[in-house]
Amino acid sequence: MNSSAFNHYFAGLFQFAYVTNDIEQAKKVFAQQYGISKFLTLPEAVASEVYHNGKQVTNLLKLAFANVAHNQIELIEPVSDGSGIYAEVLPDSGFALVFHHVACRHHEREEWDAFRSGLDEKIHPVAIESASGPSSFLYLDERKTLGHYLEYMWLDPVSAQMFAGIPNN
């Protein structure tokens, strides 16, 4: 990566994301065991078109967010996982709450563009990348080296406003 605007892979780190097969139960775990009880739970599952292995697929995800100091917790329940990167960590039966990725945010579009154009995909393979929408995101598959994915995002003003409304705990 040759971006002077965003020159460190962990710059902008702000989010820890977990995949679950029961988002309501996962929120209870965070409330009872970690004191994180205020979540913004999106009222409907969100569909996102992404590229995965060169094909455009749809992920349909239930999402909940909570801010804790300068960090954010994201809970993800896959409803329909066209890319397979969420459901792959879940067991066939029984409740599960599994760490999945950390996310880094670019606050300026120019940072995102510089990051994306400088990304060496031979070293850091892209698992999924947004195919449409005003915001941009991608996940790097760093499971072999770090044990999890790395997400990078740039949010359009409407999405940034939604993120600003996530409750603090």
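User: Let's start with a definition: strands are DSSP runs of E with at least two residues, numbered from the N terminus. In which strand does serine 130 lie?

Analyst: Happy to help, and please keep in mind that this is a predicted model. The strand in question covers residues 126-130, and serine 130 belongs to that run. The name you are after is strand β7.

User: Is serine 130 buried or exposed?

Analyst: The relative accessible area of serine 130 is 14%. Buried means under 20%, so serine 130 falls in that class. Leaving aside residues up to four places away in sequence, serine 130 touches Glu49, Val50, Tyr51, Ser135, Ser136 and Phe137. The class of serine 130 is therefore buried.

User: Thanks! Stepping back, in what order do the helices and strands of the chain run?

Analyst: The chain has 3 helices and 9 strands. Read from the N terminus on, the order is β-α-β-β-β-β-β-α-β-β-β-α.

User: What radius of gyration does the chain have, and what would a compact globule give?

Analyst: Along the principal axes, the C-alpha atoms fill a box of roughly 45 × 35 × 30 Å. For 169 residues, a compact globule would come out near 15 Å. The chain agrees with that expectation, since its own radius of gyration is 16 Å.

User: What percentage of the residues in the chain is buried?

Analyst: Let's look at surface and contacts together. The accessible surface comes to about 8800 Å², and carbon and sulfur atoms hold 51% of that area. Among contacts with a separation of 6 or more, 63% are between residues 24 or more positions apart. As for the 169 residues of the chain, the buried share is 44%.

User: How many residues of strand β5 are buried?

Analyst: Strand β5 spans residues 71-81 and is mostly covered. Strand β5 also has partners: β1 runs parallel to β5, joined by 5 bridges, while β4 pairs with β5 in the antiparallel sense over 10 bridges. Of the 11 residues in β5, the number buried is 8.

User: Which residue in β5 stands opposite valine 19?

Analyst: This position can be reached from two directions. Leucine 63 stands opposite isoleucine 76 in β5. Valine 19 also has its counterpart in β5, and that residue is isoleucine 76.

User: Which residue takes a positive phi in the hairpin of β4 and β5?

Analyst: Strand β4 covers residues 55-68. In its hairpin with β5, there are 2 residues between the strands. The positive phi there is near 55°, and the residue that takes it is alanine 69.

User: Which residue forms a salt bridge with lysine 62?

Analyst: Side chains of opposite charge can pair when their charged atoms come close. For lysine 62, the closest N and O atoms of the pair are 3.9 Å apart. The pair links strand β4, which holds lysine 62, to strand β5, which holds the partner, 15 residues apart. The partner is glutamate 77.

User: Of that pair, is glutamate 77 buried or exposed?

Analyst: Its partner lysine 62 has 36% relative accessibility, so lysine 62 counts as partly exposed. Glutamate 77 has a relative accessible area of 13%. With the cut-off for burial at under 20%, glutamate 77 is therefore buried.

User: How many salt bridges does the whole structure have, by the search?

Analyst: One of them joins glutamate 121 and arginine 116, whose closest N and O atoms are 2.9 Å apart. Glutamate 121 is partly exposed, with a relative accessible area of 40%. For the whole structure, the search gives a total of 7.

User: Which residues are joined into one network by salt bridges that share partners?

Analyst: Glutamate 88 and arginine 143 form a salt bridge, with the closest N and O atoms 3.0 Å apart. The two sit 55 residues apart, glutamate 88 in the loop between β5 and β6 and arginine 143 in the loop between β8 and β9. Both count as partly exposed, glutamate 88 at 42% relative accessibility and arginine 143 at 38%. Shared partners build one network, and its members are Glu88, Asp141 and Arg143.

User: How far apart are the C-alpha atoms of histidine 106 and tryptophan 154?

Analyst: Histidine 106 is found in strand β6, residues 97-106, and counts as buried at 1% relative accessibility. Tryptophan 154 and histidine 106 are 48 residues apart along the chain. Their C-alpha atoms, though, are separated by 5.0 Å.

User: Finally, which residues form a nonpolar patch on the surface?

Analyst: One member, leucine 13, is in strand β1 and counts as partly exposed at 36% relative accessibility. Together the patch has about 240 Å² of accessible area. The residues are Phe10, Leu13 and Leu146.

Terms used. Residues are numbered from 1 along each chain as its sequence is written. This is a predicted model: local features need pLDDT of at least 70, side-chain atom pairs count only at pLDDT 80 or more; totals for chains, interfaces and linings use all residues. Side-chain values use heavy atoms; hydrogens and water are left out. Patches are made of residues with over 30% relative accessible area and no salt bridge: like charges are joined within 9 Å, nonpolar side chains (Val, Leu, Ile, Met, Phe, Trp, Tyr) within 5 Å. Accessible areas come from the Shrake-Rupley method with a 1.4 Å probe; for residues, only the protein chains shown count as cover. A salt bridge is a side-chain nitrogen of Lys or Arg within 4 Å of a carboxyl oxygen of Asp or Glu. Helices (H or I, at least four residues) and strands (E, at least two) are DSSP runs, numbered from the N terminus. Buried means under 20% relative accessible area, exposed over 50%, partly exposed in between (1.4 Å probe, protein chains only). The radius of gyration is taken over C-alpha atoms; the globule rule is 2.2 Å times the number of residues to the power 0.38. Contact means heavy atoms within 4.5 Å. Two strands pair if DSSP finds at least two bridges between them.
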